[in-house]
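Me: I am learning to read strands, pairings and cores from a model. Please take me through this one in short steps.

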Amino acid sequence: MKNNTNNYVCAVCGRREIKLWRPYMGTVPLICATCAEKRQSLRVYRETVSLNDVEGNTIGKTNINFPLPKWKVNEDGAIPSPVRPHYEESRPMTKRLLVNLSDVAREYSSGAMDMIPAIPDENGFFWGITSAPKDSVEWWKNLPTR
Ligand SMILES: [Zn+2]
């Protein structure tokens, strides 16, 4: 099987033959790890703690937002998942990147676009996140990250 990669180019820096991501619900813009890292959306972890009186009755709750550290895409194209930030050693990895594309494409002005691996098929379209065949997933994984 031959992937069609004619248009497989980062929309920001123009690089080819590296891993690219696409919007979860769209096909453009494609973006590379380096350009995504520069545009990553701030993520926070919301911690809720019960406030108790001297008898142990809950009298309220505090909600504090802790900013999560900035991520860097690793060689597999993955970052630490934003879930369970207090359990650093057991945090799952994810290949989904949340980035702010407002300077790249006007239609993505929300400030937080969910990006998934862009795995091209033989027709120049992209495979769905769960439907990509194994050899196409391997092809993406073997591309350099940067
Ligand atoms: Zn780029």
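**Strands, core and contacts**

Reply: This is a predicted model. One pairing to begin with: V49 has T62 in strand 4 as its bridge partner.

Me: How many bridges join strand 3 and strand 4, and in which sense do they pair?

Reply: The V49 and T62 pair is one place where a residue has its bridge partner in strand 4. Strand 3 covers residues 44–52, and strand 4 covers 58–67. The two strands pair in the antiparallel sense, over 9 bridges.

Me: Which residue in the turn of the hairpin has a positive phi?

Reply: Strand 3 and strand 4 form a hairpin, with 5 residues between them. In the turn, a positive phi of about 90 degrees belongs to G56.

Me: How many residues of strand 4 are buried?

Reply: A residue needs 20 or more other C-beta atoms within 10 Å to count as buried. Strand 4 has 10 residues and is hardly covered. Its count of buried residues is 0.

Me: What is the order of the strands in the open sheet?

Reply: Strand 1 (residues 20–23) is joined to strand 8 (residues 113–117) by 3 bridges, and strand 1 is joined to strand 2 by 2 bridges. Another 3 bridges join strand 7 (residues 97–99) to strand 8. The pairing in this open sheet of 4 strands is antiparallel, and the order is 2-1-8-7.

Me: Which strands are the edge strands of that sheet?

Reply: An edge strand here pairs on one side only. Strand 1 has bridges to strand 8 and also to strand 2. The edge strands are strand 2 and strand 7.

Me: Which residue stands opposite R22 in strand 8, and which stands opposite V99?

Reply: Strand 8 runs antiparallel to strand 1 and antiparallel to strand 7. R22 stands opposite I116. V99 stands opposite M113.

Me: Which element gives the most residues to the largest nonpolar core?

Reply: This core has 19 residues, and L20, W21, I31, C32, A36, V99 and M115 touch the most other members. At least two residues each come from strand 1, strand 2 (31–32), helix 1 (33–38), strand 7 and strand 8. With 3 residues, the element that gives the most is helix 1.

Me: Which residues are in contact with M115, leaving aside its neighbours within four places in sequence?

Reply: M115 is among the core residues that touch the most other members. Its contacts include W21, I31, A36 and V99, which are also in that group. The full list is W21, R22, P23, Y24, I31, A36, R96, L97 and V99.

Me: Is I79 buried or exposed?

Reply: I79 is in strand 5 (residues 79–80). Beyond four places in sequence, I79 is in contact with W71, V73, M93, T94 and L97. Because I79 has 22 C-beta neighbours inside 10 Å, this residue counts as buried.

Me: What is the exposure class of A78?

Reply: A78 lies in the loop between strand 4 and strand 5. There are 18 other C-beta atoms within 10 Å of A78, so the class is partly exposed.

Me: How far apart in space are A78 and T94, C-alpha to C-alpha?

Reply: A78 touches M93, T94 and K95, not counting residues up to four places away in sequence. A78 and T94 are 16 residues apart in sequence. In space, the C-alpha to C-alpha distance is 5.2 Å.

Conventions. Residues numbered from 1 in each chain as written. Predicted model: local features only at pLDDT ≥ 70, side-chain atom pairs only at ≥ 80, totals over all residues. Pairing = 2+ DSSP bridges. Core = buried A, V, L, I, M, F, W, Y, C linked by C-beta atoms within 7 Å. Buried ≥ 20, exposed ≤ 12 C-beta atoms within 10 Å, placed from the backbone. Contact = placed C-beta atoms within 7 Å.
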